[in-house]
Amino acid sequence: MTKQYFIELASYNIWANNIVISWLEKISEEQWNQPIVSSFGNIGATVLHIAGAEKVWLDRFEKVESPVWLPHVFKGGKEELIEIWKKSSADLKTRMETFDENHLQDTLRIRRLNGEYNESAYFASFAHVFNHSTFHRGQIVTLLRQAGFTDVTSTDMLGYFRK
């Protein structure tokens, strides 16, 4: 894996997130908060999880000593959360662009939210972040449909590469 590969994944992540965000901007507050059986209980909580994960991983990559887990502290609304998500995605791309490729195999030691320490290579952590967002964007598609919003399209990576 190369630095360019992760820059491409970060670009894809922004592209796919922006498509999902365009759908979220069209739904009502009722749909945003509608209880739906899923990993996080509603669309808003799922978005909060994705944005929080992108942000906490970015903080870990930047060696922030005690990253804040956004779902524990966020009290804002849909628009504010979407802006946080956009910024964390853009910042992840910047981080990929500025990362020294010679350190992709180096070990990143992080403190998990439960206090435990984990280690993995930078390349593995980078891959995890983008795969994690992809997984939960798929959940959002299902949640949107269950909330009555069906005007969704594909966010598959192949679509990104074809654009």
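**Nonpolar cores and helical framework of the predicted model**

The largest nonpolar core contains 25 residues, of which Leu24, Ile43, Trp85 and Leu144 touch the most other members. At least two residues of this core come from each of four helices, namely H1 (3–24), H3, H5 (78–98) and H6 (122–146). A further core of 20 residues lies apart from it, and Leu9, Ala53, Trp69 and Phe126 are among its members. These features, like those described below, are taken from a predicted model.

The contacts of leucine 144 illustrate how the largest core is joined. When residues up to four places away in sequence are not counted, leucine 144 touches Trp23, Leu24, Ile27, Ile43, Phe149 and Val152. Two of the residues named here, Leu24 and Ile43, also belong to the group that touches the most other members of the core.

The protein as a whole comprises seven helices and two strands. From the N terminus, the order of elements is α-α-α-α-α-β-β-α-α. The C-alpha trace spans about 45 × 40 × 25 Å along its principal axes. A radius of gyration near 15 Å would be expected for a compact globule of 163 residues, and the value of 16 Å found for the protein agrees with this. Buried residues make up 45% of the 163. The exposed surface amounts to about 8600 Å², and carbon and sulfur atoms supply 51% of it. Among contacts between residues at least 6 apart in sequence, 71% join residues at least 24 apart.

Helix H3, one of the contributors to the largest core, covers residues 43–61. Its 19 residues reach 27 Å from the first C-alpha to the last, close to the 27 Å expected at 1.5 Å a residue. Because 17 of its 19 residues are buried, H3 is largely enclosed by the rest of the structure. The N-terminal end of H3 is capped by asparagine 42, in which a side-chain oxygen lies 3.1 Å from the backbone nitrogen of glycine 44. Beyond the helix follows lysine 63, with a positive phi near 65 degrees.

Two polar residues of helix H6 were examined individually. Serine 125 is found in this helix, and its relative accessibility is 2%, below the 20% limit, so serine 125 counts as buried. With residues up to four places away in sequence not counted, serine 125 touches Trp57, Phe61, Leu108 and Ser120. Histidine 136 likewise has its place in H6 and is buried, with a relative accessible area of 6%. Apart from its neighbours within four places in sequence, histidine 136 is in contact with Phe40, Thr46, His49 and Ile50. Trp57 and Phe61, touched by serine 125, and Thr46, His49 and Ile50, in contact with histidine 136, have positions within residues 43–61 of H3.

A contrasting environment is seen at threonine 2, which is found in the segment before H1. Threonine 2 has a relative accessible area of 38% and is therefore partly exposed, as this value lies between the limits of 20% and 50%. With residues up to four places away in sequence not counted, threonine 2 touches Glu101 and Leu104. The C-alpha atoms of threonine 2 and leucine 104 are 7.8 Å apart in space, although the two residues are separated by 102 residues in sequence.

Methods: Residues numbered from 1 in each chain as written. Predicted model: local features only at pLDDT ≥ 70, side-chain atom pairs only at ≥ 80, totals over all residues. Heavy atoms only, no water. Expected span 1.5 Å × (residues − 1). Buried < 20%, exposed > 50% of the residue type's maximum accessible area, 1.4 Å probe, protein only. Polar contact = N/O pair within 3.5 Å; in protein donor to acceptor, adjacent residues only side chain to side chain. Rg over C-alpha atoms; globule rule 2.2 N^0.38 Å. Contact = heavy atoms within 4.5 Å. Areas by Shrake-Rupley, 256 points an atom, 1.4 Å probe, with all protein chains shown as cover. Core = buried A, V, L, I, M, F, W, Y, C linked by side-chain atoms within 4.5 Å.
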